[in-house]
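Subject: Structure handover

Hi,

Here is the structure for you to load. My notes on what turned up follow below it.

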Amino acid sequence: MELQKRMRIYELGSLPPFLLVFAGEIASVDHRWNQHGLGGDNYRGLCRDLHPGPVSLLHWSGKGKPWARIDSGRPCPLDALWAPYDLLVRENGGIES
């Protein structure tokens, strides 16, 4: 992490440090449990649908975060699922920066 502070050695968010910490002691999670990719998997402006069937966790992985898209006036349809949990809603319905 000290090296990452001085010069960027990876662009994958928090995943590489977690993989190092857990040293391979991980198990895959069924895609029906973790609905990943709602942030477009690093492609801005890409909206995704939910996997078919039950979903337990909504994961806005990638650069497209619901609070930023709602605030910019360009939300994806599923961003509305996150909106009720926003603690920074302004009176006009937007999101406080």
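Glutamine 35 is buried, because its relative accessibility is 1% and the cut-off for buried is under 20%. Keep in mind that this is a predicted model. Glutamine 35 sits in strand E1, which covers residues 34-35. A polar atom of its side chain lies 2.6 Å from the backbone nitrogen of histidine 51. What else does glutamine 35 touch, leaving out residues up to four places away in sequence? The list is Asp49, Leu50, His51, Val55, Leu57, Leu58 and His59. So histidine 51 turns up twice for glutamine 35: in the list of residues touched and, through its backbone nitrogen, at 2.6 Å from the side chain.

Now the overall layout. The protein has three helices and two strands. Along the sequence they follow the pattern α-α-β-β-α. There are 97 residues, and 23% of them are buried. The exposed area is about 7,600 Å². Carbon and sulfur atoms supply 59% of that area. On contacts, take the pairs at least 6 apart in sequence: 25% of them join residues at least 24 apart.

Next, the charged pair. How many salt bridges does the structure hold? It holds one. The partners are aspartate 79 and arginine 69, whose side chains meet at 2.7 Å, N to O. Arginine 69 belongs to helix H3 (66-72) and aspartate 79 to the segment after that helix, so the bridge ties together parts ten residues apart in sequence.

Are these two partners buried or exposed? Aspartate 79 is buried, at 1% relative accessibility. Arginine 69 is buried too, with a relative accessible area of 8%. Both values fall below the cut-off, since buried means under 20%. Aspartate 79 also has other neighbours. Not counting residues up to four places away in sequence, it touches Trp60, Pro66, Arg69 and Ile70. The salt-bridge partner, Arg69, is thus one of the residues in that list.

Then the rings. The structure holds one aromatic pair. It is made by tryptophan 67 and tryptophan 82, with ring centres 5.5 Å apart and planes at 50 degrees, so the pair counts as tilted. The pair links distant parts of the chain. Tryptophan 67 is in helix H3, tryptophan 82 is in the segment after H3, and 15 residues separate them. Their exposure is as follows. Tryptophan 67 is partly exposed, at 41% relative accessibility. Tryptophan 82 is buried, with a relative accessible area of 17%.

The segment after H3 has come up with aspartate 79 and tryptophan 82. Leucine 81 is placed there as well. At 39% relative accessibility, leucine 81 is partly exposed. Its C-alpha atom is 8.9 Å from that of leucine 58, a residue 23 places away along the chain. Leucine 58 is also one of the residues that glutamine 35 touches.

One loop residue is worth a look. Leucine 46 lies in the loop between E1 and strand E2 (57-58). It is partly exposed, with a relative accessible area of 34%. Which residues does leucine 46 contact, leaving aside neighbours within four places in sequence? They are Gly40, Arg69 and Cys76. Arg69 is the arginine of the salt bridge. As for Cys76, the C-alpha atoms of leucine 46 and cysteine 76 are separated by 8.1 Å, with the two positions 30 residues apart along the chain.

Last, the surface. A nonpolar patch of about 600 Å² is made by Leu15, Phe18, Leu19, Val21, Phe22 and Ile26. Leucine 19, one of its members, lies in helix H2, residues 15-22. Leucine 19 is partly exposed, at 40% relative accessibility.

Regards

Key: Residues numbered from 1 in each chain as written. Predicted model: local features only at pLDDT ≥ 70, side-chain atom pairs only at ≥ 80, totals over all residues. Heavy atoms only, no water. Salt bridge = Lys/Arg side-chain N within 4 Å of Asp/Glu carboxyl O. Helix = DSSP H or I, 4+ residues; strand = E, 2+ residues; numbered from the N terminus. Buried < 20%, exposed > 50% of the residue type's maximum accessible area, 1.4 Å probe, protein only. Polar contact = N/O pair within 3.5 Å; in protein donor to acceptor, adjacent residues only side chain to side chain. Contact = heavy atoms within 4.5 Å. Phe/Tyr/Trp six-rings, centres within 6.5 Å; stacked < 30°, edge-to-face > 60°. Patch = residues over 30% accessible without salt bridge, like charges linked within 9 Å, V, L, I, M, F, W, Y side chains within 5 Å. Areas by Shrake-Rupley, 256 points an atom, 1.4 Å probe, with all protein chains shown as cover.
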